[in-house]
Structures are given as C-alpha cells and as structure tokens.
Amino acid sequence: MEDFMKLRNTIALATLSTIFSFSLPLAAQDYALLHQVAQSQHDRAEREQTEKDHQNHTGVKIIGGSTAGGAAVGALAGGGKGALIGGAVGAGGGAIANKVRKDKSVKDRERRESEYRRDHHNDPR
C-alpha cells in the first residue's frame, strides 16, 4: 500500500510539473510580445509629440518664457546679480515644466491610440 502511495504521488508530481513547464514559457512569450507592442506604441507617440513640439517651438517658448520671468523677478529683487540668478532658476523650472508637459502629452497620445484601436479593430461587423 505504501508503494502505491509513493507511485501515485510521483505520478501527480510529474503531471503537475509537465503542465507548469508548458504554460510558463507561453506566458513569458505573451508578456514579451505585449511589452514589445506597448514599447513600439510609446516610441511612436513620443516621436510624433517631439515632431509637433519642434514644429511649434513649444519647448523653446516654455523655457524662454520661464527664463525671462525668472530674470524679471530676480532683477526686481536683487538687481543685475538677481536677474542672472532668477534667469537660471527660471530656465531650470521651465525645463522641468516642459519635460512634465511632454511626458503627459505622450501618455495622452498613447491612450487615444489604444482607445482608437480598441473601438475600430474589435468591431464585429
């Protein structure tokens, strides 16, 4: 009886390990494919946003305006030296604001594209 129990446990263990050995590589392949698709969508959205920003000089406008504003406030507060410091602080703040704006725009583009794909490619006509 004890030999039968050992044999049954061995067969059950072999069956389970066979099932898991087939399903894990398939799940890993699915994950890799989904990650590759998501990365290509992100890259495309980032390229499109960068092209639009370059055409409209968006980054230059944001950073330049922040620099001018910082320089003006610095000049009022501390003269010429204050204008230099304020301009530098304004440029840094403008660069951060531009980066945050661009990242948000890229995410919005990705979201719109995935919604478009979901609405137009899964439509059972």
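1. Met 1 lies in the segment before helix α1. The model under discussion is a predicted one, and this note starts at that end of the chain. With a relative accessibility of 78%, Met 1 is classed as exposed, because that value is over the 50% cut-off.

2. Met 1 also takes part in a surface feature. Together with Phe 4 and Met 5, Met 1 makes up a nonpolar patch on the surface. The accessible area of these three residues together is about 370 Å².

3. The overall architecture may be stated briefly. The protein chain contains 2 helices and 0 strands. Helix α1 covers residues 2-56, and helix α2 covers residues 58-121.

4. Which residue is found in the loop between α1 and α2? His 57 occupies that loop. Its phi angle is near 55 degrees, which is a positive value in a residue other than glycine. The relative accessible area of His 57 is 49%, so this residue counts as partly exposed rather than exposed, the latter requiring over 50%.

5. Leu 76 belongs to helix α2. Is Leu 76 buried or exposed? Its relative accessibility is 79%, and Leu 76 therefore counts as exposed, the cut-off being over 50%. As a point of reference along the chain, Gly 86 is 10 residues apart from Leu 76, and the C-alpha atoms of these two residues are separated by 9.8 Å.

6. Arg 109 is likewise placed in helix α2. Which residues does Arg 109 touch, leaving aside those up to four places away in sequence? They are Ala 45, Glu 48, Gln 49 and Lys 52. Helix α1 spans residues 2-56, and these four partners carry numbers within that range. With Gln 49 there is also a polar contact: the side chains of Arg 109 and Gln 49 are joined at 2.8 Å.

7. Contacts across the chain as a whole may be considered next. Among contacts in the protein chain with a separation of 6 or more, 72% are between residues 24 or more positions apart. The contacts of Arg 109 with Ala 45 and Lys 52 serve as individual examples to inspect in the structure.

8. Finally, the surface of the protein chain deserves a remark. Of its 125 residues, 15% count as buried. The accessible surface comes to about 9700 Å². Carbon and sulfur atoms account for 65% of that surface.

Note on methods:
Residues numbered from 1 in each chain as written. Predicted model: local features only at pLDDT ≥ 70, side-chain atom pairs only at ≥ 80, totals over all residues. Heavy atoms only, no water. Buried < 20%, exposed > 50% of the residue type's maximum accessible area, 1.4 Å probe, protein only. Contact = heavy atoms within 4.5 Å. Areas by Shrake-Rupley, 256 points an atom, 1.4 Å probe, with all protein chains shown as cover. Polar contact = N/O pair within 3.5 Å; in protein donor to acceptor, adjacent residues only side chain to side chain. Patch = residues over 30% accessible without salt bridge, like charges linked within 9 Å, V, L, I, M, F, W, Y side chains within 5 Å. Salt bridge = Lys/Arg side-chain N within 4 Å of Asp/Glu carboxyl O.
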